[in-house]
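Visitor: Before I look at this model, I would like to hear the reasoning behind the labels it carries.
Guide: Then let us bring it up and take the labels one at a time.

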Amino acid sequence: MGSRALAYCVRSVARAAARLNHGSVLTRSACAPLASEQRPLSVLSCSQRTRWTQPVRISGPSVQQCRHYGDLPPLTLENIEERVMYVLKLYDKISPEKLQTSSHFMKDLGLDSLDQVEIIMAMEDEFGFEIPDAEAEKLMTPAEIVQFISDKKDVYE
Amino acid sequence: MSRSDVLSLYRRVLRIARSWTAQSALPHDTDNERKYIAQEARTLFRQNQQITDPESIKRCTEECEARIEIGLHYRNPYPRPTYLPPMGLATQKGRKLRAQQRLRKQAKPVYLLSHDET
């Protein structure tokens with residue numbers, strides 16, 4: 001997942017670099033020895049006294065432009081739903097064939113309220129944030145769980 | 001004592017199990033104790049799932065809360081048995097077996113209700 005984000009960033013950098021990288025001889029010579037993808041961005045301001053208005057970057061196809069600082073890739077609705085269904089399939093009291101996004105835990109899958117508490121705890125573990133008791137009791141289908149998480153995490157549809 | 005209160009209690013125990021660290025701080029012990037807490041909660045709650053008498057439900061929830069507090073205080077999730085010698089509650093007058101058994105059952109602390117005396 002990290003490599004996908006990196007590839008996306010590298011592609012966006014290559015596009016931005018193509019726009020910025022006009023006629024800057026120093027940068028072209030500087031980007032030649034760069035071979036690894038892990039090089040951070042740096043701004044060459046010391047040697048660019050004449051061109052002060054435009055910040056010059058060590059550009060090239062192998063520069064990591066956007067910095068995540070250890071943050072996760074952004075959540076999408078499909079991603080959330082995938083993870084929710086994956087966690088539910090791992091639960092031993094649910095048979096994976098009968099599981100769908102709209103299957104009710106109590107009516108369709110035959111679970112009881114203690115199982116529902118366990119499922120919501122598993123979701124808390126998966127997504128890393130606490131779900132308060134009052135709202136946790138109302139989540140009865142995977143679709144509702146996905147809706148709730150996307151509301152909490154501000155994932156727009 | 002409503003259904004949602006019992007479920008909140010269950011959720012509280014599972015949250016404690018998630019962030020538990022053992023007294024000895026060894027990862028092996030921490031792991032074992034976490035699993036023990038979750039498993040014990042699961043079995044006991046399921047075993048008492050069908051009780052409808054409000055008095056028994058109240059006793060079970062008191063047991064649960066007492067065990068939570070004792071476990072958190074002593075940093076030990078296992079039940080804390082008390083010692084009562086065989087004729088510990090006998091008076092000069094009543095030394096019959098049935099009376100003794102009745103008295104012993106009455107004297108058992110609330111947090112040991114699900115724990116069998118061996």
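## Reasoning from values to labels

Guide: Helix α3(B) gives the most to the lining of the largest pocket, with nine residues. Please keep in mind that this is a predicted model.

Visitor: Which elements give two or more residues to the lining of the largest pocket, and what is its volume?
Guide: The volume of the largest pocket is about 770 Å³. Of its 32 lining residues, the closest to the centre are V6(B), L9(B), L44(B), F45(B) and C64(B). The elements that contribute two or more residues are α4 (113-127) of chain A together with α1, α2 and α3 of chain B. By kind, the lining divides into 20 nonpolar, seven polar and five charged residues.

Visitor: Why is the pair of Y10(B) and F45(B) called tilted?
Guide: The ring centres are 4.8 Å apart, and rings pair if their centres lie within 6.5 Å. The planes meet at 45°, whereas stacked would need under 30 degrees and edge-to-face over 60, so the pair is tilted. Y10(B) belongs to helix α1 (residues 3-18) of chain B and F45(B) to helix α2 (residues 27-47) of chain B, which places the partners 35 residues apart and makes the pair a link between distant parts of the chain. Both Y10(B) and F45(B) are buried.

Visitor: What makes Y36(B) and Y78(B) an aromatic pair that is tilted?
Guide: Their rings are 4.5 Å apart, centre to centre, against a limit of 6.5 Å, and the angle of 35° between the planes falls in neither the range under 30 degrees nor the range over 60; the pair is therefore tilted. Y36(B) lies in helix α2 of chain B while Y78(B) is in the loop between α3 (54-74) and α4 (97-107) of chain B, so the pair ties together parts 42 residues apart in sequence.

Visitor: How do you know whether Y36(B) is buried or exposed, and what is Y78(B) called?
Guide: Y36(B) has a relative accessibility of 17%, and because buried means under 20%, Y36(B) counts as buried. Y78(B) has a relative accessible area of 37%, which is between the cut-offs of 20% and 50%, so Y78(B) is partly exposed.

Visitor: What makes you say that the charged end of R80(B) sits over the ring of Y74(B)?
Guide: The charged end of R80(B) is 3.8 Å from the ring centre of Y74(B), and the distance limit is 6 Å. R75(B) likewise lies over the face of W20(B), at 4.4 Å from the ring centre.

Visitor: Why is the phi of R75(B) worth pointing out?
Guide: Most residues other than glycine have a negative phi. R75(B), which is not a glycine, has a positive phi near 60°; R75(B) lies in the loop between α3 and α4 of chain B and, with a relative accessible area of 25%, is partly exposed. A25(B) also has a positive phi, of about 65°, without being a glycine. A25(B) is found in the loop between α1 and α2 of chain B, and its relative accessibility of 59% is over the 50% cut-off, so A25(B) counts as exposed.

Visitor: Why is F127(A) called buried?
Guide: F127(A), in helix α4 of chain A, has a relative accessibility of 9%; since that is under 20%, F127(A) counts as buried. Leaving out residues up to four places away in sequence, F127(A) touches I80(A), R83(A), V84(A), I149(A) and K153(A).

Note on methods:
Residues are numbered from 1 along each chain as its sequence is written. Chains are lettered from A and ligands numbered from 1 in the order in which they are written. This is a predicted model: local features need pLDDT of at least 70, side-chain atom pairs count only at pLDDT 80 or more; totals for chains, interfaces and linings use all residues. Side-chain values use heavy atoms; hydrogens and water are left out. Rings of Phe, Tyr and Trp (its six-membered ring) pair if their centres lie within 6.5 Å; planes under 30 degrees apart count as stacked, over 60 as edge-to-face and the rest as tilted. Helices (H or I, at least four residues) and strands (E, at least two) are DSSP runs, numbered from the N terminus. Buried means under 20% relative accessible area, exposed over 50%, partly exposed in between (1.4 Å probe, protein chains only). A charge sits over a ring if NZ of Lys or CZ of Arg is within 6 Å of the ring centre and within 35 degrees of the ring normal. On a 1 Å grid over the protein atoms alone, a cavity is a set of points where a 1.4 Å probe fits but cannot get out, and a pocket is an open set with protein on both sides within 12 Å along at least five of seven lines; lining residues have an atom within 4 Å of a point. Grid points are joined across faces, edges and corners, and a volume is the space filled by probe spheres set on the points. Ala, Val, Leu, Ile, Met, Phe, Trp, Tyr, Cys and Pro count as nonpolar, Asp, Glu, Lys and Arg as charged, and the others, Gly among them, as polar. Contact means heavy atoms within 4.5 Å.
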